[in-house]
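Here are a few short exercises to work through with the viewer open. Try each task before reading its solution.

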Protein chains: 2
Amino acid sequence: MAESSKTAPLRIALAGLGTVGAGVIRLIEANAALIARRAGRPIQITAVSARDRGKDRGVDMTRYVWEDDMIILGEREDVDVVVELVGGSDGPALACARTTIEAGKALVTANKAMIAHHGLKLAEMAEAAKVALKFEAAVAGGIPVIKGLREGAAANEIERVYGILNGTCNYILSTMEDTGRSFADVLAEAQAKGFAEADPAFDVEGTDAAHKLSILAAIAYGTRIDFASVETAGITRIRAADIAQADALGYVIRLIGMAEEDRSGETPRLFQRVQPHLVPFDHPLAHVDGATNAVVAEGNYSGRLLFQGAGAGDGPTASAVVADLIDIARGDIGAPFSVPVSELEALAPASSGHRLGRTYIRFTVADRPGVLAEIAAAMRDAGVSIESLIQKGRAEAEGEVLLAIVTHEGPESAVTEALRLLEGSASLTAAPLVMQILGE
Amino acid sequence: MAESSKTAPLRIALAGLGTVGAGVIRLIEANAALIARRAGRPIQITAVSARDRGKDRGVDMTRYVWEDDMIILGEREDVDVVVELVGGSDGPALACARTTIEAGKALVTANKAMIAHHGLKLAEMAEAAKVALKFEAAVAGGIPVIKGLREGAAANEIERVYGILNGTCNYILSTMEDTGRSFADVLAEAQAKGFAEADPAFDVEGTDAAHKLSILAAIAYGTRIDFASVETAGITRIRAADIAQADALGYVIRLIGMAEEDRSGETPRLFQRVQPHLVPFDHPLAHVDGATNAVVAEGNYSGRLLFQGAGAGDGPTASAVVADLIDIARGDIGAPFSVPVSELEALAPASSGHRLGRTYIRFTVADRPGVLAEIAAAMRDAGVSIESLIQKGRAEAEGEVLLAIVTHEGPESAVTEALRLLEGSASLTAAPLVMQILGE
């Protein structure tokens, strides 16, 4: 980099002017002086682009060049970095990202879906072009967890990385916990308040958390992103009764994304799962309420590191976007995934079967004699050892009873086998709900 | 930097081979392959130095050059970075740091006392020599909080930075909480277990936390380190009764270091204080137990960020030291305090008087009539509004009663004034203990 380019303003273009885009503009304007001081040079917005030019975004856009076509932002001579805030794994976002890097410009994005699906290809392009590709805002909003893993914990073999990666789910679960209300009820309220999307599937089915987990796993383990292999379960089937049950046992329920390397076989495999977990009251994640996110990285020397903060919102997301810009202004164009893409390992996915743990299984059963014996026999035949069994009166629906089992520590494969034995049983009125108990 | 120097091994020398030094050697050896992958080049130990060559440190030193004089490590042609782990604000550590930077070599240190006292001068020298000076391990052990503030939160004006910065104090306080035992009793146990030094004053009087706070404040606010102005109170006067009282009111007691810019006057001032606080049960810091450290940074866009982990120990400290080395290997030689020393502001210290807050005041009083009236009158005359008053039976000592007051929100100066009015009163058998209640 020439000496002059180290002190000249870093000129950026924004693609996408939703709430986060407007937040980035507000932040860059409000904190301009301190950003310039810390970055060593000013960060200036040159050009902007979005679908609808006429929309009132609450910030003055007239001082920036407007481009109708965001694809060509990176080709402008007065642009050093394009900030992509359009969203969506493909379409205009991806086209914009590609043309930017092809034009030899840096790319900063908050787009977890695009990075989960196309991050490796984009990183390869960026490495070849010797430009930065940064995506701190794509995982856990304003929390600098990509940096925490990529740099802060860089000396460590990561034994386990896990966390609360979706603020909408955490808001719903902690509100159910506080109020005793049902999932559907709390979701509807969250939608009314704007905390949940009109189509909430992406959040409540776990897909969004899975996108983020696949990115974290790649950085933590130096592996190729493998979003398709993330075992994913959402929170839609959790009932108020499950939360009450968990509480009585000393747990809260949280949607946890977790990745670890499985070195039990001949070749290492990568385990990635998003699933509701029972989290013991004394675990730091049990105190993460509302839309907050938190990520735990367990390093072989650092021990347990916790990063916590706002997982979404225009301010926090803008904070992460501009942190990336400051890094670029300071000259950091290191490998997006910590090591060059060519050196990332392609690990086969590990099934959950090999894992040891304690499991919470909630059955919805018919209210008639013999049901308990049938379930107990299946557990016995599969070698599942039961630590406690809770049956509390009738459930909401007529003739339906809820029955919860907590197992002793044992292989998850045994639980899977027990449930297979019970498949098709007339005693079960719905598929059982399975949640792992988060272990130390 | 020449292209070859970006792929050649980064050659380091270790000054000081205590538990942390041995930990750094173990970590660099055990994780050598992944460190080389992430750093883009190997990190190799070339030379070592310590006071006692003969001591068994549990690691093989024979493959490294031994230097009797650590001062000259940085002058060796086969050394790029010196890691100073000797400790002490002056003496050999400082001499080693100076000669290293004067020789044009990078310095990594875990020495909070040296950075608190001489960090600005060393940073000036490093900036002039265009070499790195890094000290992640000096604050909060293995937690990447210097990086979190300097880079992760770089886009933000920091409204408040505070945290649990001394593991020994936190271990003592949380053990007193769990067991109901006295300070002296728990301290003696901690000393026997090796969790506290034979001379514990440095930890329990708050000095160590004040060193760390002064470093955090400089980075958060872009100000010159001002360790001398940190208002410091330790934990030695906290009794089991205070902890029980706090618990009954919904709080735990934690030693908190806090810094904020006071912009209430014509010129900004810097407020820095280490003091035991009452922390509400629902605050994340209330769940930080044992020797764990945690730092909260509240940014004007990021919102509240929490960084938590092991605050000491050879593994975590080595993790932070090697993270710094990896940054250096990657080419990061940015300003040690985020902005060049010449641009750091010299802010006058802010007194605590301007601050608004709620305060816990515990009096030790003589067991006779009229005492309560005297205290209540002093509070009234100073304009302190009392939220609750707790008097529970007799205290440990004969004829002595403990009386605790929690104030409504008001200026801290009013509390100071009330205590001034009570100074010399025969009713008080000891100086009152004052703790702030941590606000939202």
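## Exercises with worked solutions

In β16 of chain B, Phe363(B) has Leu403(B) as its bridge partner. This is a predicted model, in which local features need pLDDT of at least 70, side-chain atom pairs count only at pLDDT 80 or more, and totals for chains, interfaces and linings use all residues. Residues are numbered from 1 along each chain as its sequence is written, while chains are lettered from A and ligands numbered from 1 in the order in which they are written.

**Exercise 1.** Find the strands that pair with β14(B), and give the sense of each pairing.

*Solution.*
- Step 1: recall the terms. Strands (E, at least two residues) and helices (H or I, at least four residues) are DSSP runs numbered from the N terminus, and two strands pair if DSSP finds at least two bridges between them.
- Step 2: start with β16(B), residues 400-407, which is joined to β14(B) by seven bridges and runs antiparallel to it.
- Step 3: go on to β18(B), residues 433-437, where five bridges make an antiparallel pair with β14(B). Here Arg362(B) is matched with Leu433(B).
- Step 4: finish with β17(B), residues 410-411, antiparallel to β14(B) over two bridges. Leu356(B) faces Pro411(B) in this pair.

**Exercise 2.** Work out which strands stand at the edges of the open six-stranded sheet of chain B.

*Solution.*
- Step 1: write the strand order, β3-β2-β1-β4-β5-β6, with parallel pairing.
- Step 2: look at the ends. β3 (65-66) and β6 (133-134) of chain B each have a single partner strand, so one side of each lacks a neighbour in the sheet.
- Step 3: check one inner pair. β1(B), residues 10-15, and β4(B), residues 81-84, are parallel over four bridges, with Ala13(B) opposite Val82(B).

**Exercise 3.** Decide how the buried residues of α10(A) are arranged around its axis.

*Solution.*
- Step 1: list the buried residues (20 or more other C-beta atoms within 10 Å of the residue's own, with C-beta atoms placed from the backbone). In α10(A), residues 240-249, they are Asp242(A), Ile243(A), Gln245(A) and Ala246(A).
- Step 2: view α10(A) down its axis. The buried residues fall within an arc of 160 degrees (taken from the directions from the helix axis to the C-beta atoms), so they line one face of the helix.
- Step 3: see what follows α10(A): Gly250(A), with a positive phi near 100 degrees.

Terms used: A residue is buried if 20 or more other C-beta atoms lie within 10 Å of its own, exposed if 12 or fewer, and partly exposed in between; C-beta atoms are placed from the backbone.
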